[in-house]
Amino acid sequence: MSTKPNLQVVKIGGNVIDNPSALASFLADFASLEGPKILVHGGGKIATQMAATMGIESKMIEGRRVTDEESLRIVTMVYAGWINKSIVADLQALSCNSLGLTGPDGGIVVSKKRAAQPIDYGFVGDIIHVNSPSLSGLIAAGFSPVFAPITADPSGQLLNTNADTMAQALAIALCSVYDVTLTYCFEKKGVLLDPADDDSVISSINPASFQDLKEKGIVSAGMIPKLENALKAISAGVSVVRLCHADNLQKADIGTKISA
């Protein structure tokens with residue numbers, strides 16, 4: 001039986017952020033979670049919309065944003081600014097003492113620029129270090145950190161970073177101190193056997209079944225890296241990893257559980 005305190009790391013997807021009523025409901029549920037907790041959020045469509053109003057074309061490859069210099073400025077302004085501070089303000093109004101952060105704040109998350117081969121995604125960061133003592137200190141001080149998916153390399157270059165990966169890296173880094181539950185919340189009830197049937201939730205996925213689902217094309221596109229992050233987290237010591245609808249954050253038995 002673990003004697004470590006529980007910690008919940010929750011990642012909320014962009015489709016929920018784009019829906020004000022869904023986001024408000026989710027934040028109320030997050031605020032009412034007992035014990036220490038961390039929220040990691042994606043960006044939604046706001047960055048793409050802002051880029052369009054500024055006459056900047058958003059480039060995507062296989063559903064992933066290519067972050068050139070102009071795009072980096074926009075995603076930093078939108079993710080780390082408007083979205084992050086809006087969420088923090090809403091949580092404060094719900095009596096959840098949250099603190100809005102990005103990777104460079106306190107040097108908590110350090111990354112490196114992704115190699116340009118085989119695909120050049122531009123200023124995109126892959127995480128190389130999480131400063132868990134500093135993060136644990138903020139949690140111990142009573143804060144609920146809210147992370148926007150912006151990091152920096154050791155030279156200070158800002159980098160756009162995948163929010164699913166950020167949640168996974170934070171969860172793994174804190175396993176030595178906490179008994180960690182990692183929950184990926186999005187607009188679906190879990191990983192679906194049939195994308196057209198919202199009730200066809202796959203209750204459990206392990207490395208072997210993931211390979212099978214991938215080969216059969218049942219999981220594809222953005223779900224693949226999400227599940228890769230989930231499987232890495234469970235194999236690295238995170239106690240519970242789950243994918244579920246944002247409405248079901250507090251219903252631990254609903255969604256898709258990941259097993260080693």
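The legends below describe close-up views of one predicted model.

Local features are reported at pLDDT of at least 70 and side-chain atom pairs only at pLDDT 80 or more, whereas totals for chains, interfaces and linings use all residues. Residues are numbered from 1 along each chain as its sequence is written, and side-chain values use heavy atoms, with hydrogens and water left out.

**View 1. The aromatic pair of helix H2, Phe26 and Phe30.**
Rings of Phe, Tyr and Trp (its six-membered ring) are paired here if their centres lie within 6.5 Å, with planes under 30 degrees apart counted as stacked, over 60 as edge-to-face and the rest as tilted; by this rule the count comes to one aromatic pair. The ring centres of Phe26 and Phe30 are 6.4 Å apart and their planes meet at 25°, so the pair is stacked. The two residues are four apart in helix H2 (residues 20-31), and therefore about one helical turn separates them; helices (H or I, at least four residues) and strands (E, at least two) are DSSP runs, numbered from the N terminus. Both Phe26 and Phe30 are buried, where buried means under 20% relative accessible area, exposed over 50% and partly exposed in between (1.4 Å probe, protein chains only).

**View 2. Lysine charges over the rings of Phe30 and Phe123.**
A charge sits over a ring if NZ of Lys or CZ of Arg is within 6 Å of the ring centre and within 35 degrees of the ring normal. Lys37 lies over the face of Phe30, at 5.8 Å from the ring centre, and Lys113 lies over the face of Phe123, at 5.5 Å from the ring centre.

**View 3. Helix H2 and its buried face.**
The expected span of a helix is 1.5 Å times one less than its number of residues, so that the 12 residues of H2 should span 16 Å, in agreement with end C-alpha atoms that are 16 Å apart. Leu23, Phe26, Leu27, Phe30 and Ala31 are buried in H2. Seen down the axis of H2, these buried residues fall within an arc of 130° and so line one face of the helix, the arc being that of the directions from the helix axis to the C-beta atoms. They pack against strand S1 (6-12), helix H1 (14-17), strand S2 (37-41), helix H4 (69-93) and strand S11 (179-186).

**View 4. The nonpolar cores.**
A nonpolar core is a set of buried Ala, Val, Leu, Ile, Met, Phe, Trp, Tyr and Cys residues joined through side-chain atoms within 4.5 Å. The largest has 41 residues, and those with the most contacts inside it are Ile38 and Phe147. Elements that each supply at least two residues of this core include S1, S2, helix H5 (132-140) and helix H6 (163-173), and H6 gives the most, with seven residues. Contact means heavy atoms within 4.5 Å; leaving aside neighbours within four places in sequence, the contacts of Ile38 include Leu7, Val9, Phe30, Leu135, Ile139, Phe147 and Leu170. Apart from the largest core lies another, of 34 residues, among them Ile17, Ile56, Ile74 and Ile87.

**View 5. Helix H5 and the glycine that follows.**
Ser132, Leu135, Ser136 and Ile139 are the buried residues of H5. Seen down the axis of H5, they fall within an arc of 100°, so they line one face of the helix. What covers them includes S1, S2, S7, strand S8 (144-147) and H6. Gly142, whose phi is positive, near 100°, follows H5.

**View 6. Backbone details in three loops.**
Most residues other than glycine have a negative phi, and most peptide bonds are trans. The peptide bond from Gln117 to Pro118 is cis, with omega near 0°, and Pro118 is placed in the loop between strand S6 (109-113) and strand S7 (125-130). Ser95, in the loop between H4 and strand S5 (98-101), has a positive phi near 65° and is exposed, with a relative accessible area of 71%. Ala221, in the loop between H7 and H8, has a positive phi near 50° and counts as exposed at 59% relative accessibility.
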